[in-house]
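Here are my comments on the model, set out point by point. Please read them with the structure open.

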Amino acid sequence: MADAKPAPNFAARAAAAADRRDTRGRWLLSAPALLILLFAAIGPLIIVVIYSFLKKGGYGGVEWEFSTDAWTSVVFQKDIFTDEITIADAHLLIFWRSVKLSFLTTVMALAFGFPTAYFIATRNEKSRDLWLFLITIPFWTNLLIRTFAVMEVIRNEGIVNSILLGLGLVDAPVQIMFTDFAVMMGLLYVYLPLMVLPLYASMERIDFRLVEAGYDLYATRWHVLRRVIFPLVKPGVIAGSILVFIPSLGAYVTPRVLGGGRNLMLGNLIEMQFGQGRNWPLGAALSITLMAIVMVALLFYVKNASKTGARHG
Amino acid sequence: MSAAVAVEAKDVSKIFGAGPGEVRALDNVSVTIRQNEFFTLLGPSGCGKTTLLRLIAGFEMPTEGSILLEGEEVAHLPPFKRHVNTVFQSYALFPHMTVAQNIAFGLEMLGKPKAEVQSTVNAMLKLVRMEELNGRRTSQISGGQQQRVALARALAPRPKVLLLDEPLSALDLKLRKEMQIELKRMQLETGITFIFVTHDQEEALTMSDRIAVMSKGKILQIGSPTDIYEHPTVRFVADFIGETNFIEAEVMQRIATDGQIKLPSGVVISHPLSENVGVGAKVTLAVRPERIDLVRPGTEAHLGGTVQNIVYFGTDTTFHVALDGSGQEVTVRVQNRRGHQEVLKVGDAVGLRIAPEAMQILKD
């Protein structure tokens, strides 16, 4: 008994020490990721913020002099001749188009992705893997090439118009390229898997006996979907929507190829400032504006989603 | 006791899959379940009892045959158009809703006015004795409580028939016994027809008005618990419910339904015979261990044997007796009403006496 007494004490101390070592070990494991984040995300972000408050250089680049010109030109523009300040409606139009197209893309992705994910989740285990594999196939090819492939389908001499003309359904090719619709279709095509995968992940966990219970308690298909399935897959809906909305908002390649010069989105506007525009501070300020839009949209969305959640359950 | 029919299944078959891999889960089953009845489908797993329940609920459609709910054909109606509710084996409570919201679900789907929903939910919470937990999430209550909520949810819309799919199997023994009594109470209080599926013979015997014993997709026997226990008609039923001794015998003579049957010991007894066994036919007698008396070997005994083993159980003592000649082992249970009597020892010769009405002639 005498030497049994200090044993638990010792064991506890040893366990605590092991715990500390364990925590230290885990920090060490996450160090590479933290370093990458620090140097590749937070570092550049700080530089972007600093640039947005500097004067633009003549041939691109920046001059190290404090200025709020860039921030003013995000929303306002100065007439070169009269120095009159007006609202930069070209920028606002692009902001609006970006938000509108990203929102529509997200809604469409949800509309197409939900039944797809439901279909996959209700297959047997073997064919589920096959379907998931098929969903990821588009990721295997370069985005640019895929976007050009979409162009091949929808351009005036493309497949869709050839068929429509061949069948005599239209007399002249339907203008699809270089429209908002073309951009949205392109975005939908690119980001649909990002909606399907998280939706599938949360649907797969549903106990389908709950669906039976819903039917048993006089719920029609629509009611089962709205009152049982939807609340249960809401985490997937939120994750999928975020994964589609954010990259859509900053999309660059798709609007560039499918929207032509006329249907710019925020990503193209930013790129222009660092390219032909030679206005790095404005580009930086626009980038931060984009981030701000994303954050506001996210906050709004998450707050709204949790409110409906509280009402249902 | 109303004799009106609640559910009638007519020549129902259900085949899963197709071709050589097909499974005939139900094979031409017919059964009539009366109103206000506690009816149990009893059988081992894979006997088709749950399939029959799911056909009545509407989760499966029969391959052949028809299902009538209070005289109306429902075989091909979806579950939400049938006025029956189910208590699932896994309870299947909605995890994103509170206890009260779960119970209200069916009523809301039927479009009942808010005040009625509220008062019915309260009445149901009271019926299952869960009033104080109405605001809890279903994940925050114990298994036994979940069971009660599942019951309340299924009873709330006042279904014509309540279907219960092994609802007690996940509970521990003590809780299960409590719930057996509770279920019976609720059935009497609500007057709703209960169809209960179980593989537990004791559960079936204690709660049911009538039991259907099923095996391999067929109903073998339907009867009251006493009928099923004391007068099994087929070997499977006698064997599945309780303990039974099977004794082979031969028909010596029959006049109308009065037969003379020769036991393995050579003793001939009188026993009523069903119409399909002729003279010379071999029959199997089912005899419950507690219906056999131990007597002195000799003229009084129907069978003779040697005591092989004596097992003391407290309330009773079991004797394993090897019959003279065949050596077949027969189990005899003697109640210890005056305490354990150490009259017999292993190796003693003993006589067995069985009242003729305790011998049940089986069909096969």
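**Helix packing and the chain contact**

1. In chain A, the axes of helix H7 (residues 180-204) and H9(A) approach within 8 Å and cross at roughly 160°. H7(A) is therefore roughly antiparallel to H9(A), and the crossing is right-handed. Please keep in mind that this is a predicted model.

2. On the H7(A) side, the contact with H9(A) uses Leu187(A), Tyr191(A), Leu194(A), Met195(A), Pro198(A), Leu199(A), Ala201(A), Ser202(A) and Met203(A). From H9(A) come ten residues' worth of partners, including Val233(A), Pro235(A), Gly236(A), Val237(A), Gly240(A), Leu243(A) and Pro247(A). By class, the residues of this contact are 15 nonpolar, four polar and no charged.

3. H9(A) also packs against H3(A): the two axes come within 9 Å and cross at roughly 145°. This crossing, too, is right-handed. Among the H3(A) residues involved are Ser98(A), Leu101(A), Thr105(A), Ala109(A) and Gly113(A), which meet H9(A) residues including Val237(A), Gly240(A), Val244(A) and Ser248(A). The make-up here is eight nonpolar, eight polar and no charged.

4. Val237(A), Gly240(A), Val244(A) and Ser248(A) of H9(A) deserve a look, as they are listed in the contact with H7(A) and also in the contact with H3(A).

5. How far does H9(A) span between its end C-alpha atoms? The span is only 34 Å, whereas a straight helix of 29 residues would cover 42 Å at 1.5 Å a residue. H9(A) has a kink of about 55° at Lys234(A), shortly before the proline Pro235(A). Pro235(A) is also one of the residues that contact H7(A).

6. H3(A) (residues 89-121) should span 48 Å, because its 33 residues count 1.5 Å each, and the 46 Å between its end C-alpha atoms agrees with this. There is nonetheless a bend of about 30° at Gly113(A), with the proline Pro115(A) following within four residues. Gly113(A) also belongs to the contact with H9(A).

7. Between the chains, 17 residues of chain A are in contact with 18 residues of chain B. Helix H8 (209-216) and helix H9 (221-249) of chain A each supply at least two residues of the chain A side. H8(A) gives the most, with six residues. The chain A side divides into nine nonpolar, four polar and four charged residues. Charged residues thus appear on the side that touches chain B, while the contact of H7(A) with H9(A) has none.

Methods: Residues numbered from 1 in each chain as written. Chains lettered and ligands numbered in written order. Predicted model: local features only at pLDDT ≥ 70, side-chain atom pairs only at ≥ 80, totals over all residues. Contact = placed C-beta atoms within 7 Å. Nonpolar A, V, L, I, M, F, W, Y, C, P; charged D, E, K, R; others polar. Axes fitted to C-alpha atoms, helices over the stretch in contact; angles between N-to-C directions. Parallel < 35°, antiparallel > 145°, perpendicular 65-115°, else oblique. Left-handed = near helix turned anticlockwise from the far one by under 90°. Expected span 1.5 Å × (residues − 1). Bend = angle between axes of the 7 residues up to and from the residue.
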